[in-house]
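These are my notebook entries on a structure that is new to me. I record what I looked up, entry by entry.

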Amino acid sequence: MKERHGVYMAAIEVSGGNSYPGRVGMLMRALIAAFICALTAAPGAARDLWVTAYYPGWRQRHLDPANIDFGAITHLVHFGVVPGPDGSLDSAVNMLTPANIRVAVDAAHGAGKKILFTVGGQATRERFAGAMSAEHRESFISALLAFMRGNGYDGIDVDMEALTARDARDYSLF
C-alpha cells in the first residue's frame, strides 16, 4: 500500500481467474497459511491485520449495507468505478449510484470502519493506459480524489487488470 496525495491506495491486485491446481495449489495454500500464522503470532499483529470485504454496487439491492457483518472486517471496498481513457470515471457501469454510495459509506462509518472504492476491474488495462498517460494523468488523479472526497470514501483500491511490464512507467508515475 502506498500513500499518494494524502490517500492510501491499495496496491495492485494480481489476478487472472486461474486457480492453482495440484501441488502448486497446495504450496500456495501452505504459504498463505504460514503467512497468516506468522502475522497473528507477532505481538500486536491482530490489531494491525487488514481484513477486506469487497461489496459490488450491482449486488447492493440483494444485501443492504445494514446487514453487513462489520465485526468480521476492518475495511469495506465498494466496487467500483471504471476509468475512462480520457481520465474520467464511470460509476454507473457497476451501479455505484449516489444513493448506493451514501448508504454504504454511512453504514461503514457508522460501524467505525473504513470504506474505499475500487477503480478498475476485469479488462480495464486499456482504459487505465489512456487515463494514466501524460496527457490525462492529472485529470484522472483529480477525478479519483474528487470522487473519493465528494462521496466520503476513505481511500482507493486500484485494480488494473491485467497489468503488464510495459505499464510500469505510467503506473509508477500515477
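Are Phe140 and Phe174 buried or exposed? I looked up both residues in this predicted model, and both are buried.

**Entry 1: the chain as a whole.** I then turned to the overall layout. The chain holds 6 helices and 7 strands, and I read their order along the sequence as β-β-α-α-β-β-β-α-β-α-α-β-α. Of its 174 residues, 38% count as buried. I also looked up the exposed surface: it comes to about 9900 Å², with carbon and sulfur atoms supplying 59% of it. Among contacts between residues at least 6 apart in sequence, 71% join residues at least 24 apart.

**Entry 2: the largest nonpolar core.** In soluble globular proteins, nonpolar side chains tend to be buried together. I therefore looked up the largest nonpolar core here, which has 30 residues; Phe117, Val119, Phe140, Tyr153 and Phe174 touch the most other members. Elements that each supply at least two residues of this core are β4 (75-83), α3 (98-110), β6 (114-121), α4 (125-132), α5 (137-151) and β7 (155-160). Helix α5 gives the most, with 6 residues.

**Entry 3: Phe140 and its partners.** I listed the residues that Phe140 touches, leaving out those up to four places away in sequence: Pro83, Gly87, Leu89, Val119, Phe128, Ala131, Met132 and Phe174. I next searched the whole structure for aromatic pairs and found 7. One of them is formed by Phe140 and Phe174; this pair is stacked, at 5.2 Å centre to centre and 20° between the planes. Because Phe140 lies in helix α5 and Phe174 in the segment after α6 (168-173), the pair ties together parts that are 34 residues apart in sequence. I noted further that Phe128, Phe140, Tyr171 and Phe174 form one aromatic cluster.

**Entry 4: Asp86.** Where does Asp86 lie? I placed Asp86 in the loop between β4 and β5 (89-90). Its relative accessibility is 43%, so I recorded Asp86 as partly exposed, given that this class covers values between 20% and 50%. The side chains of Asp86 and Ser88 are joined by a polar contact of 2.6 Å. Not counting residues up to four places away in sequence, Asp86 touches His136 and Ser139. I also looked up the separation between the C-alpha atoms of Asp86 and Ala129, which is 9.5 Å, although these residues are 43 residues apart along the chain.

Note on methods:
Residues numbered from 1 in each chain as written. Predicted model: local features only at pLDDT ≥ 70, side-chain atom pairs only at ≥ 80, totals over all residues. Heavy atoms only, no water. Core = buried A, V, L, I, M, F, W, Y, C linked by side-chain atoms within 4.5 Å. Buried < 20%, exposed > 50% of the residue type's maximum accessible area, 1.4 Å probe, protein only. Helix = DSSP H or I, 4+ residues; strand = E, 2+ residues; numbered from the N terminus. Contact = heavy atoms within 4.5 Å. Polar contact = N/O pair within 3.5 Å; in protein donor to acceptor, adjacent residues only side chain to side chain. Areas by Shrake-Rupley, 256 points an atom, 1.4 Å probe, with all protein chains shown as cover. Phe/Tyr/Trp six-rings, centres within 6.5 Å; stacked < 30°, edge-to-face > 60°.
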